[in-house]
Amino acid sequence: MMAEQRTYLIHPQKFLLWLFIISVIMVFGGLTSAYIVQRSFVRPDQQVLFALPDVLWYNLALALLSSVTMQLAVYWEKQSQMRLVSLALGMTFVLGCLFLLGQWQAFGDMTAGGLPFVDRRRLDNSVSYFYVFTGLHGAHIVSAVITVLVLLIRSLLNRFPAGRRRLIFEMSAVFWHFLGLLWVYLFVFLNYTQR
Amino acid sequence: MDAQSLISLAQWLLVLILGMVCANLYLVFRLKDLDPFARWNANLINAWLLLLFMIGGFIAAAVSTGVWKEHFTLVFDSASEHGEWIDAMFWRTMAVSIFVTVITNVLLFYYAWRYRAREGQKALFYPHNNKLELIWTIIPAIVLTALILDGAFKWLKITGPAPDDALLVEVNGKQFAWTARYPGADLEFGETNVRLIDEGKGNTLGFNLEDKRGHDDLVTNEMVIPVNTDIEMKIRSRDVLHSATLAHFRVKMDAVPGMMTRFHFKPTKTTAEMREIKGNPDFEYEMSCQQICGGGHWNMRLVVKVVTMEEYKAWAAQQQTFIASYRQLNPEAGGAQADASEAEATAPQMAVSR
Amino acid sequence: MAEVTSHAAVTVGGHAHEHHDHEHHGNFWTNYVFSTDHKVIAKQFMITGIIMAIIGIGMSTLFRLQLAFPDTNFPVLEFFLGKWAPDGKLDPNFYLALVTMHGTFMVFFVLTAGLSGTFSNFLIPLQIGARDMASGFINMLSYWFFFASSVIMLISLFVETGPAAAGWTIYPPLSALPEAIPGSGVGMTLWLVAMVLFIASSLMGGINYIATVLNLRTEGMSFDRLPLTIWAFFVTAILGVLSFPVLLAAALLLLFDRSFGTSFYLSDIFIGGAAMHHQGGSPILFQHLFWFLGHPEVYIVLLPALGITSEIVSVHSRKPIFGYKAMIGSILGIAFLSFIVWAHHMFVTGMNPFLGTVFMLFTLVIAVPSAIKAFNYIATLWKGNIRFTTPMLFAIGLVSFFITGGITGIFLGNAALDIPLHDTYFVTAHFHLVMGSASAFGFFAGIYQWFPKMFGRQLNARLGYLHFWFTFVSLYLVFFPMHFMGMGGVARHYYSQTAFDFMNVFGDLQVFITIAAIIGFFGQFFFLWNFVTSIFWGKQSSLNPWESNTLEWTTPLHPGHGNWPGAIPAVHRWPYDYSRPGVKKDYLPQHIPDEEVEYEEGFKPELDPHHAPAPKRKQETGEKTETAE
Ligand code: HEA
Ligand code: HEA
Ligand code: CUA
Ligand SMILES: [Cu+2]
């Protein structure tokens, strides 16, 4: 009968998550530099400058708020208050869904405002990049929302793999916060470059 | 290669394969104690084989270089000014490379042979020697610094701007041909736009007919350039990437749709001179395409003629301007015939300076 | 370092079931197909890699036939390829498709996934003393993504318009426009989809390798005691995790351009008789994104091979690897530099000349750490006691190829020289020697070295020798003469050299190369035969057939899931104590404690000048505690 117990600076699986986050950062890093490079190709008089849809401001607030609720869930989980945990997760889930709806709304606003994903007359691709940035981020959010939903169901049923509950919560929270931060970055970046 | 030699080749291969298969089966199924190779000392054989391989390899490399070197177009007999710098640098780098490659490969195979395992021999425990390691860090670093400086200066010089009086030529790549364009008497290219391309009407470059500067442009299917003249070559593509390559002039630059690239060079040998050097009366300079661009990539050929300035002017005078040939093809677009003849008349004065 | 986080003790790799050496629990599916055991996954990667290699090499012989006999018809080709070889002559578009798929298969599927997937998976846990990867499940997913990717890539060979044909670098607009080349239709879409899966697989593999090396080393296995194999795999994984995502971004934008009509890479295009709407994009942008991965990628291909070589050269010379720390330093140096040289593939795309000098500087600087490696290998041989086993022969061959091929990189890295040489066979010669030969030899060397550990049996040495000599000689014969064609200006991606007078003089050389390639191709059957038969009927191996120091040889002949039936051995020294003076045997495994070392008669260990072994020992107390239940 063999089993080893080890203490780690950081749990290997959590570490895996961090490495995954690094690779997500590299994807967005690649896109960011592509965006910057392509802007340098565009003659100033052909640049398309657009104001980000207002709904994105609300989304920024939603993202930050959802991080708070997510952290609350982690906090209550440590105290094993599973009812409260479910509550916090429920809120996070709802906020996440609202965020996605908001992004969808933003797409709609942009398209309605004459800035669709594909525009045959446009000389500046910034608008297309906007869709790629937000869309790709949104795809990650979808996966995170699904994760939260699974967590929610599990905590409602109070069923977790033995001894791994805390780890699962911490990892989900790290991912969630990361996506929130990523959104803050994208928002600031897009806002700044569209000045 | 004719069918006969092919068949003999195929037979040869077949024999070889069969031989290999037999050797395979023999080795695998042979009973151990009957195996005549059992007493062979594999260590000794392999050590010697490595040594022989190295010696044979160097001899083969030297001999075959001798056999093929007359075809080394890219490194001998450059026909342009900067090409001579490149050739010289190539051979400097080659000297360093041969030296390094020979030394390291000789040591590698010699040590392998010399220190093959022997009964009762023990290796020397020698995990590191900082001084030695420092030496072989610093020496390559110095050599490389020299190569970098050498290369960087040449590179900046080659890619630098052309003198103001350089002759303008534009090459346009498309699947799968090159077209050359000269700016005509006004020394300015007319505006073009892919959206105006109309193959049926012979407007293959997409001239904007409104732009009068383009009317006297010359569009040709061969490139003729005067010797000992600075040439500023503009390079464009209308569909996918191509790469305008003049091997004899050491010129290469990609043609990128939506973007204009350029290369400046100065041919130093006329086609006639080169024919003499090569001893080949049919020799022509050729522009090839060296960026994968589709099924006809291998066949994107443009003949380039380097001639004297007088010959060049005479040639240019004979060419039809774009607008003249356009109107010929599209009489209905006629308009003022006078316009055309006017443009034609200017062609002989085709100047060389910008 | 940071404080220990709240989850004080976490159980990892704990196995609730008993281990008997030969017995496996679970059924066929969980043991051999959806296994989470790193050793099984490694074999899966290896076998898939070998299959892809055979296909890739087979493709190269096909298009070599065309290059050697551009005007000859081979009716059998029509029989096999149908419309792609009308009258037994390859179609030019299909020629390009073959070259593209050959490059893709070889670079990504064989030498990235195949090489790293096999040896990182197999050796990392075994050599650092871990029961398995940080996450066996992600590891398994990594293989199955790779498998799916391979299958899709293979399917793309059979679609109506043919597989992708825009070169393995898939530069748009060629790759973006089906009108430009048939391969850019469905074939290209499948290529991109397969690549996305491939990237996912690489990332899952890579993060696993990193996490495992950082977290799961056994007691005493500090970083200055890691075998150089592990160092190489570790750094390779870091390269992958940082560079593959950028390819993902590039592929994504290309997919949008292809499918939705965006203009990220496209601008001002007239094709198929009509102008396209695209405006404002730039094909150069794609090249930057691609080579930001592409260049690190070539070192992702090379570094594991070099790591394997370091280990093998040392073991079979019975000598410590010369300059262990310099070797680590040069791995790190190469890895760092590889991120800032990518534009050396783009010297003649019209980039800013000043930028060109910067990239040229970094490119040539890479030769310095590479030189250190080359010289250290040679110094390791010096005064060794060299056993010419098959892995050792391949390792020596690798060093020779690496030097010969790397040197030509110095020509190409010089921007001015790259003007004429770019996209000629000089480049083809360069990368085949350094990648198609050196890295491929790393793969072979690794298989010959660790086959006994993988299958508990030995490969037939004599077939191995034959394989080595056939391959070594034929690879030099194939790729060395390509330099001549390069210096003659022969362009890459040419279906036939007959259109240009100055290229059309190499016909005989082309025939020679093709013959050598075919011989090399058939030489591989020695290996395949040997490999397949030895798995089943090979001679039983001993526990430590090469008398090596590393931990993998302390496991049973057929290690079960979990690797060691008892406790994981602790490590007491670096892995390269070969021929230590005074020590009885000429090797001293890592797991033997100092007290148990057998010295020669009359030898006083206190007087041993090497008593404090070269790399200092550092006790990592507190970082890690191991308790066996
Ligand atoms: C395993 C893969 C691998 C490796 C290791 C390398 C190593 C190097 N490569 Fe190569 N390269 C490729 C794979 C690789 N390459 C591929 C696949 C392509 C083509 C892609 C395509 O277009 O399809 C390519 C193309 C390529 C180009 C672009 C050519 C072109 O398209 O025009 C350049 C240009 O700089 C280059 C440079 C180098 C250099 C400087 C090194 C250096 O790292 C080499 C360093 C090693 C040595 C120098 C030898 C050992 C050193 C000594 C013995 C010391 C003494 C030496 C001196 C003092 C000079 N490579
Ligand atoms: C790993 C990389 C690799 C390998 C091994 C090879 C192997 C071979 N290559 Fe290839 N080649 C490429 C990578 C490789 N190639 C790439 C990237 C391109 C560019 C594609 C493009 O431009 O899009 C290219 C292009 C290319 C061309 C240029 C085509 C053109 O531009 O028109 C040619 C021409 O002769 C060629 C020939 C060959 C031949 C004859 C072999 C072989 O026959 C040599 C025989 C090889 C062996 C016998 C050993 C192989 C062994 C392994 C790979 C290890 C596998 C491991 C196990 C089986 C365990 N290759
Ligand atoms: Cu045009 Cu290649
Ligand atoms: Cu590179």
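**Close-up views of a predicted model**

**View 1. Strand β6 of chain B is a mostly covered strand.** In this predicted model, strand β6 spans residues 242–246 of chain B, and five of its five residues are buried. Take a look at the two faces of β6(B), since both are covered. On one side sit B:His242, B:Ala244 and B:Leu246, and on the other sit B:Ser243 and B:Thr245, every one of them buried.

**View 2. Strand β6 of chain B pairs with strand β7 in a hairpin.** Strand β7 covers residues 251–255 of chain B and runs antiparallel to β6(B), with five bridges joining the two. To find your way along this pair, start at B:Ser243, which stands opposite B:Asp254 in β7(B). Then follow the chain into the turn: four residues lie between the strands of this hairpin. Which residue in the hairpin takes a positive phi? It is B:Arg250, with a phi near 55 degrees.

**View 3. Strand β6 of chain B also pairs with strand β9.** Here the partner is made of residues 285–289 of chain B, and three bridges link β9(B) to β6(B). This pair, too, runs antiparallel. A handy landmark is B:Leu246, which stands opposite B:Met287 in β9(B). Both residues appear elsewhere in these legends: B:Leu246 is one of the buried residues of β6(B), and B:Met287 returns in the next view as a member of the largest nonpolar core.

**View 4. The largest nonpolar core holds 355 residues.** Which members touch the most other members of this core? They are B:Tyr182, B:Met223, B:Met233, B:Met287, C:Phe119 and C:Tyr265. Helix α4 of chain C, residues 92–128, gives the largest share of the core, with 22 residues. Apart from this core lies another one, of seven residues, including B:Leu144, B:Ile148, C:Ala367 and C:Val368. As background, nonpolar side chains tend to be buried together in soluble globular proteins.

**View 5. C:His288 sits in helix α8 of chain C.** This helix runs through residues 283–317. Is C:His288 buried or partly exposed? Its relative accessibility is 22%, so C:His288 counts as partly exposed; a buried residue would have to be under 20%. Leaving aside residues up to four places away in sequence, C:His288 touches C:Trp342 and C:Met346. For a sense of distance, compare C:Val33: it is 255 residues away from C:His288 along the chain, and the C-alpha atoms of the two are separated by 39 Å.

**View 6. Chain A has five helices and one strand**. Reading from the N terminus, you meet the elements in the order β-α-α-α-α-α. The C-alpha trace of chain A spans about 70 × 35 × 25 Å along its principal axes. Of its 195 residues, 56% are buried. Among the contacts in chain A between residues at least 6 apart in sequence, 81% join residues at least 24 apart. The accessible surface of chain A is about 9000 Å², and carbon and sulfur atoms account for 69% of that. As for charge, chain A carries 15 positive and 8 negative side chains, with the centres of the two sets 9 Å apart.

**View 7. Chain B has eight helices and ten strands**. Buried residues make up 49% of the 354 residues in this chain. Chain B exposes about 16600 Å², with 62% supplied by carbon and sulfur atoms. Among its contacts between residues at least 6 apart in sequence, 70% join residues at least 24 apart.

Notes: Residues are numbered from 1 along each chain as its sequence is written. Chains are lettered from A and ligands numbered from 1 in the order in which they are written. This is a predicted model: local features need pLDDT of at least 70, side-chain atom pairs count only at pLDDT 80 or more; totals for chains, interfaces and linings use all residues. Side-chain values use heavy atoms; hydrogens and water are left out. Buried means under 20% relative accessible area, exposed over 50%, partly exposed in between (1.4 Å probe, protein chains only). Contact means heavy atoms within 4.5 Å. Accessible areas come from the Shrake-Rupley method with a 1.4 Å probe; for residues, only the protein chains shown count as cover. Lys and Arg count as positive and Asp and Glu as negative; His and the chain ends are not counted. The place of a charge is taken as NZ of Lys, CZ of Arg, CG of Asp or CD of Glu. A nonpolar core is a set of buried Ala, Val, Leu, Ile, Met, Phe, Trp, Tyr and Cys residues joined through side-chain atoms within 4.5 Å. Two strands pair if DSSP finds at least two bridges between them.
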